[in-house]
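Trainee: Could you take me closely through the sheet of this model, strand by strand and turn by turn, and then show me how the rest of the chain relates to that part?

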Amino acid sequence: MDSGCKMLVTIRPGPVLHVWRDGVEVARVPLTISQALGVMQDIIAEIRWPQ
């Protein structure tokens with residue numbers, strides 16, 4: 001992947017996970033509520049809180 005590429009992941013009502021690259025949607029994945037919560041937990045686990 002190009003190092004200048006900007007990626008964004010959103011979860012919208014449905015729930016549906018959307019993956020965006022440079023402002024263009026490149027993937028759309030329907031999720032169950034359980035899967036959406038799992039994605040949320042994974043994101044929260046990766047947040048680096050200031051010391």
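Mentor: What follows looks at the sheet, then at its two turns, and finally at the remainder of the chain.

This is a predicted model, and its protein chain holds one helix and three strands. Read from the N terminus, the order of these elements is β-β-β-α, which places the sheet you ask about ahead of the helix in the chain.

The three strands make up an open sheet, arranged in the order β1-β2-β3, and their pairing is antiparallel. β1 (7-12) and β3 (24-30) are the edge strands, each of them pairing on one side only. From one strand to the next, the twist averages 20°. As general background, the strands of a sheet pair through backbone hydrogen bonds, and they may do so in a parallel or an antiparallel way.

Consider the pairing of β1 with β2 to begin with. β2 covers residues 16-21, and its antiparallel pairing with β1 extends over six bridges. Two residue pairs help to fix the register here: Arg12 stands opposite Val16 in β2, and Val9 has Val19, also in β2, as its bridge partner. On the other side, β2 and β3 are likewise paired in the antiparallel sense, over six bridges. In that pairing, Val19 is set opposite Ala27 of β3, while Arg21 is set opposite Val24 of β3. Val19 is therefore a useful landmark for tracing across the sheet, because Val9 is its bridge partner and Ala27 in β3 stands opposite to Val19 as well, with each strand counted as paired to another where at least two bridges are found.

The turns deserve the same attention. β1 and β2 form a hairpin with three residues between them, and in this turn Gly14 has a positive phi of about 145°. Gly14 is also joined to Pro15 by a cis peptide bond, with omega at about -20°, and Pro15 lies in the loop between β1 and β2. The hairpin of β2 and β3 has two residues between the strands, and there Asp22 takes a positive phi near 50°. Asp22, which is located in the loop between β2 and β3, is a residue other than glycine with a positive phi. These details are worth a second look when you inspect the backbone, because most residues other than glycine have a negative phi, and most peptide bonds are trans.

β3 also contributes a side-chain contact. Arg28 and Glu25 meet through their side chains in a salt bridge, at 2.6 Å from N to O. Arg28 is exposed, its relative accessible area being 56%, whereas Glu25 counts as partly exposed at 26%. A search of the whole structure finds two salt bridges, and the other pair to look at is Arg48 with Glu46, whose side chains meet at 3.7 Å, N to O. Here Arg48 is exposed with a relative accessible area of 65%, and Glu46 is exposed with 52%. In general terms, side chains of opposite charge can pair when their charged atoms come close.

Beyond the sheet, the chain passes through the loop between β3 and α1, where Thr32 is found. Thr32 is partly exposed, with a relative accessible area of 43%. Thr32 and Ile43 are eleven residues apart in sequence, and their C-alpha atoms are 17 Å apart in space. Ile43 belongs to a nonpolar surface patch of about 730 Å², to which Ile33, Leu37, Met40, Ile44, Ile47 and Trp49 also contribute. Trp49 is found in the segment after α1 (33-46), and at 60% relative accessibility this tryptophan counts as exposed.

To set the sheet within the whole, it helps to end with the overall dimensions. The protein chain has a radius of gyration of 13 Å, which is well over the 10 Å given by the globule rule for 51 residues, so the chain is more spread out than a compact globule. Its C-alpha atoms fill a box of roughly 35 × 30 × 15 Å, taken along the principal axes. Of the 51 residues of the protein chain, 16% count as buried, the cut-off for that label being under 20% relative accessible area.

Key: Residues are numbered from 1 along each chain as its sequence is written. This is a predicted model: local features need pLDDT of at least 70, side-chain atom pairs count only at pLDDT 80 or more; totals for chains, interfaces and linings use all residues. Side-chain values use heavy atoms; hydrogens and water are left out. A salt bridge is a side-chain nitrogen of Lys or Arg within 4 Å of a carboxyl oxygen of Asp or Glu. Buried means under 20% relative accessible area, exposed over 50%, partly exposed in between (1.4 Å probe, protein chains only). Patches are made of residues with over 30% relative accessible area and no salt bridge: like charges are joined within 9 Å, nonpolar side chains (Val, Leu, Ile, Met, Phe, Trp, Tyr) within 5 Å. Accessible areas come from the Shrake-Rupley method with a 1.4 Å probe; for residues, only the protein chains shown count as cover. Helices (H or I, at least four residues) and strands (E, at least two) are DSSP runs, numbered from the N terminus. Axes are lines fitted to C-alpha atoms, for helices over the stretch in contact, and angles run from 0 to 180 degrees between N-to-C directions. The radius of gyration is taken over C-alpha atoms; the globule rule is 2.2 Å times the number of residues to the power 0.38.
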